[in-house]
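Reader: Got a minute to go through this one with me? Put it up and we'll start.

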Amino acid sequence: MTESREPLATAIELLCEARRIVVFSGAGLSKASGIPTYRDADGLWMNQSALQYSHADDLQRDPAGFSRFWSQRLSAVEGARPNPGHLALAQLQRLRPATRLVTQNVDGLLTVAGCLDVLELHGSLRRWRCDHCGNRRGPWLLNRCKRCGSRARPDVVMFGEMLNEGVLLDARTAAQECDVFIVVGSTAVVYPAADLPMEALSTGGRLITLNMEPLHLDTSASAVLRGASEDLLPRLLAGLASPGATP
């Protein structure tokens, strides 16, 4: 294979040759579904409320404000629908069942799109939990745990908290065992998740980056795709699904 070809063709050829694929996605994947990113001019971190209620201690500091803010975020997520990028990744899993999906997103849209066994590094807004009694199954009433009456919270990783060790270990194992690692819509600068592309490279995996803006990882990538994921992912899958693709 020659890597001086057009990047999309190179990426398709890499996927056709791969047995194990990992897709690592960030906020850019869900932007077309109306979910704000974090660092854009209109991103979440430009919103003072998002910063004010994104720390692990904020539930105790201002429980009413915390519950109100996260309920609003949950409502926005529940009203969102998967875009063509999410649907393309569901198709990728059907074509290549060994594909693992690792995401920093908490919107749950990959699962809604039909993706299986998504490794959600930062949790999901679609799940709530009670840290007082450990209840993760509900039912919830007005953001309170009906088992013990304490305030519930979204099952997401906030500032001051560690990632779930089991989920992170599964993601690292997938990265180390993959033939191709694709970074989609992520700046890949938030650790420890940002270590995953380098772990794939260290064990011989090939890297594809797909993002609107340049990434520091681009210099290590075999194919650099610049554009929107909702446009480029379906084109990748069309090439992979063509009659000449190798299973």
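Author: What follows is a short chat about a sheet, a pocket and two residues in a predicted model.

Reader: Sheet first. What order do the 6 strands come in?

Author: The order is β3-β2-β1-β8-β9-β10. The sheet is open, and the pairing is parallel.

Reader: Which strands stand at the edges?

Author: β3 (119-120) and β10 (223-226). Each has a single partner strand, so one side of each lacks a neighbour in the sheet.

Reader: How many bridges pair β9 and β10?

Author: There are 4, in the parallel sense, and β9 covers residues 206-211.

Reader: And what is the bridge partner of Ile208 in β10?

Author: Ala223.

Reader: Switching to Val118. Where is it found?

Author: Val118 lies in the loop between α6 (109-112) and β3.

Reader: Is Val118 buried or exposed?

Author: Val118 is buried: the relative accessible area is 15%, and the cut-off for buried is under 20%.

Reader: What is Val118 in contact with, neighbours within four places aside?

Author: Leu101, Thr103, Leu110 and Thr111.

Reader: How far apart are Val118 and Gly205?

Author: In sequence, 87 residues. In space, 20 Å from C-alpha to C-alpha.

Reader: OK, Ser33. Which elements flank its loop?

Author: β1 (21-25) comes on one side and α2 (48-52) on the other.

Reader: Buried or exposed, that Ser33?

Author: Ser33 is buried, at a relative accessible area of 14%.

Reader: What does the side chain of Ser33 make a polar contact with?

Author: The side chain of Asn83, at 3.0 Å.

Reader: What else does Ser33 touch?

Author: Leaving out residues up to four places away in sequence, Ser33 touches Ala80, Arg81, Pro82, His86 and Leu109, as well as Asn83.

Reader: Now pockets. How much space lies in the second largest pocket?

Author: About 240 Å³. The lining has 16 residues, and those closest to the centre are Gly123, Arg136, Asp155, Val157 and Asn164.

Reader: Which elements give two or more residues to that lining?

Author: β4 (123-129) and β7 (153-156). β4 gives the most, with 3 residues.

Reader: How do the lining residues of that pocket divide into nonpolar, polar and charged?

Author: The second largest pocket has 7 nonpolar, 3 polar and 6 charged residues in its lining.

Definitions and conventions
Residues numbered from 1 in each chain as written. Predicted model: local features only at pLDDT ≥ 70, side-chain atom pairs only at ≥ 80, totals over all residues. Heavy atoms only, no water. Buried < 20%, exposed > 50% of the residue type's maximum accessible area, 1.4 Å probe, protein only. Polar contact = N/O pair within 3.5 Å; in protein donor to acceptor, adjacent residues only side chain to side chain. Contact = heavy atoms within 4.5 Å. 1 Å grid on protein atoms, 1.4 Å probe; cavity = no way out; pocket = protein on both sides within 12 Å on 5 of 7 lines; lining within 4 Å. Points joined across faces, edges and corners; volume = space filled by probe spheres on them. Nonpolar A, V, L, I, M, F, W, Y, C, P; charged D, E, K, R; others polar. Pairing = 2+ DSSP bridges.
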